[in-house]
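Let's take a walk through this one together, starting with a single side chain and working outwards. Keep the model open and turn it as you read.

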Amino acid sequence: MNHRVSSILLACSVLVACSQAPEPYGALPTPYQVEWQKMETNMFVHFGPNTFTAAEWGDGSESEDVFNPTDLNCRQWTSVAKQAGFKGVIITAKHHDGFCLWPNPVSKHTVAQSCWKDGKGVVLKDLSEACAADGLKFGVYVSPWDRNDPHYGTDEYNNVFVKTLESALGSYGHVFEQWFDGACGEGPNGKRQVYDWPLFNSTVLKMQPHAIIFSNVGPGCRWMGNEAGVNGRTCWSTMNTEGFSPGNSPDLSILNTGTKNGPKWIGSETDVSIRPGWFWKERENDKVKSVNALLKIYYESVGRNSLLLLNVPADIRGHIHEADSVRLVEWRAALDSIFSTDLIQGATITATDTRRGSFGTENLTDDDYDSYWAAKDGVTEAIIDIELPETRRFNRISLQEYIPLGQRVESFRIFAQDSKGNLQLVASETTIGYKRIVLLPQLETSKIRVEITAALACPVLSKIALYQDDIYKEDSRKHEYSEGIINKSSETYVLDLGAQKEFSQFNYAPIYRGRGGVVISYTLQISDNGKDWKDLLTEQMFENIVNNPVLQQIQLPQSVKARYVRMIPVRCSGDSYSVARFDVE
Ligand code: FUL
């Protein structure tokens with residue numbers, strides 16, 4: 001081959017290489033993980049004996065007859081879910097009390113033993129059929145922690161739990177997600193279980209090969225570290241889970257942000273309740289989160305590369321209560337009004353670097369997720385200039401990476417042209433992932449710039465969109481209550497009511513996401529003189545307070561009269577405990 005021919009061949013091969021799609025980078029999602037991520041919002045339904053006892057964690061001793069919905073209507077749930085724009089529904093098939101919402105052959109604590117429909121009712125079947133009828137995907141939460149099963153705390157329990165999974169996952173059609181709670185407390189014999197996670201995971205995949213398995217560390221998706229709906233502004237879908245298990249996970253802050261260049265793709269899922277608690281309670285009917293609070297959750301979950309699993313509990317009738325369904329529809333209407341008009345339409349978009357082939361900037365504004373703009377190999381910084389046809393008003397920018405090729409962008413900045421024609425920095429952020437919605441100041445401009453300042457490999461963006469949100473108001477309030485941090489070893493918190501008063505409830509709230517630990521279990525005492533104390537409640541537990549440190553409202557067995565009240569912590573989550581609120585009513 002002479003020199004000229006070989007140069008031509010080389011030039012051709014470079015051209016071909018540059019017009020090819022970028023090589024995937026790092027850990028990649030499976031096609032099922034990509035489909036899962038595209039669902040964006042799903043509905044969680046907590047339902048079981050706790051619904052009827054107003055508890056958060058049943059202790060497993062509840063009679064099966066406690067579970068007795070007067071008018072179970074799963075089609076009402078799915079119709080609400082559909083109107084709210086959810087794509088799937090996940091139900092607590094078995095919560096920590098062990099009660100199964102289907103006739104689990106290896107349990108004596110199920111719907112079959114209850115008086116509900118003479119033991120013939122099967123919630124999982126009704127819900128799975130309702131989901132199919134309304135075009136929603138169906139998923140299950142099956143708690144490994146079981147406070148009823150007599151085998152719990154012995155080797156035998158792991159085999160019982162495998163049979164439980166086989167029965168729940170094998171009888172009610174396709175299951176898109178299996179939800180594993182990491183909680184591992186004591187069972188009825190006072191022992192804790194050593195879970196066989198590899199066995200549990202392989203059982204799920206044997207029964208439902210495409211199911212996304214949720215746990216603190218995946219393998220399908222991960223808990224994002226809090227139950228308040230707040231994802232990290234930095235949110236990698238990649239994780240390093242080496243040496244960890246669902247009950248022994250990396251630090252919560254790492255679950256929240258993921259790990260850059262982590263060897264596994266385990267995207268973030270945000271589970272949060274529309275009410276203070278996870279189960280329905282009459283007294284929380286007026287505490288359903290506002291549209292504003294739900295929009296905040298949306299921005300801090302879906303808008304931060306996470307999937308939102310919003311809990312909407314069913315009530316004692318077996319309905320989604322009107323307080324929740326009305327709010328959901330209002331929330332969806334707000335989302336539709338914000339996101340239905342993409343203000344980037346008609347823009348001229350140029351980039352400092354564009355890969356040859358079909359990877360141009362025109363792909364950034366179409367509705368095809370699979371078409372994308374990409375830079376050339378080796379390029380990890382790029383500027384994308386967006387020239388709008390006229391001055392437009394907007395305050396949100398949404399960016400999406402094409403995740404089948406991996407998560408790449410490490411940091412980016414947004415600039416907007418001011419009235420003098422100068423570009424001003426309006427946002428400086430880190431990761432993008434499947435979707436990143438940035439809350440910008442209110443802008444009125446015709447020119448905006450996206451500057452990718454660092455990426456792990458050439459950036460690949462599927463979409464850029466601009467929106468105007470006139471609904472969401474950022475809340476600058478910090479805490480509602482006066483606060484204190486109390487050293488566990490020092491004097492306890494004493495409430496002086498000033499005179500003898502009658503009360504039937506006490507309230508405790510730790511400092512939310514603030515400093516100090518939380519009280520997990522306590523003894524509540526009263527006194528008339530502040531010296532002689534008597535126990536009112538002894539060694540009681542605030543259920544699920546560590547994961548969900550919201551206001552605890554505890555009803556007393558009967559109303560009492562006293563001047564002084566104190567809470568003696570028995571177990572705390574740290575060396576100190578915080579008190580944002582402690583009072584009686
Ligand atoms: C937690 C559980 O302990 C709560 O009760 C609730 O089910 C929540 C979704 O997960 O860890």
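A polar contact here is a pair of N or O atoms within 3.5 Å, and within protein one of them must be able to donate a hydrogen and the other to accept it. With that in hand, look at Gln-552: a polar atom of its side chain lies 2.9 Å from the backbone oxygen of Val-550. Bear in mind as you go that this is a predicted model.

Gln-552 belongs to strand E22. Is Gln-552 buried or exposed? Its relative accessible area is 9%, and buried means under 20%, so Gln-552 counts as buried. As for its company, leaving aside neighbours within four places in sequence, Gln-552 is in contact with Phe-506, Asn-507, Tyr-508, Phe-542, Glu-543 and Ile-545.

Now slide along to Ser-559, which is also in strand E22, a run covering residues 552-572. Ser-559 is partly exposed, with a relative accessible area of 37%. Which residues does Ser-559 touch, not counting those up to four places away in sequence? They are Glu-502, Phe-503 and Ser-504. Take Glu-502: it sits 57 residues from Ser-559 in sequence, yet the two C-alpha atoms are 6.6 Å apart in space. Their side chains make a polar contact as well, at 3.0 Å.

Back up to the stretch before E22. Asn-544 is in the loop between E21 and E22, and its phi is near 60 degrees, a positive value in a residue other than glycine. Asn-544 is buried, at a relative accessible area of 9%. Glu-539, in strand E21 (residues 534-541), has a positive phi too, near 45 degrees, and again is not a glycine. But Glu-539 counts as exposed, because its relative accessibility is 57% and the exposed class starts over 50%.

On to the ligand. There are 13 residues around the ligand, and His-46, Trp-57, His-95, His-96 and Asp-181 come nearest. A polar side-chain atom of His-96 is 2.8 Å from a ligand oxygen. Tyr-141 has a side-chain N or O atom 3.3 Å from an oxygen atom of the ligand, and for Asn-547 a polar side-chain atom lies 3.3 Å from a ligand oxygen. How much of the ligand does the protein cover? Of the 300 Å² of accessible area that the ligand has on its own, 98% is covered. The space the ligand takes up is the second largest pocket.

Next, find helix H9, residues 291-300. Seven of its 10 residues are buried, so call H9 mostly covered. Those buried residues are Val-291, Leu-294, Leu-295, Ile-297, Tyr-298, Tyr-299 and Glu-300. What lies over them includes strands E1 (41-45), E9 (267-273), E10 (306-311), E13 (382-401) and E16 (436-455), along with helix H10 (322-339).

Two stops are left. Ser-167 is in helix H6, residues 155-170, and it is buried, with a relative accessible area of 11%. Not counting residues up to four places away in sequence, Ser-167 touches Trp-102, Asn-104, Pro-105 and Tyr-172. Finally, check the peptide bond between Gly-218 and Pro-219: it is cis, with omega about 20 degrees. Pro-219 lies in the loop between strand E5 (212-215) and strand E6 (221-223).

Note on methods. Residues numbered from 1 in each chain as written. Predicted model: local features only at pLDDT ≥ 70, side-chain atom pairs only at ≥ 80, totals over all residues. Heavy atoms only, no water. Helix = DSSP H or I, 4+ residues; strand = E, 2+ residues; numbered from the N terminus. Buried < 20%, exposed > 50% of the residue type's maximum accessible area, 1.4 Å probe, protein only. Contact = heavy atoms within 4.5 Å. Near = heavy atom within 4 Å. Areas by Shrake-Rupley, 256 points an atom, 1.4 Å probe, with all protein chains shown as cover. 1 Å grid on protein atoms, 1.4 Å probe; cavity = no way out; pocket = protein on both sides within 12 Å on 5 of 7 lines; lining within 4 Å. Sits in = over half its atoms within 2 Å of the grid points.
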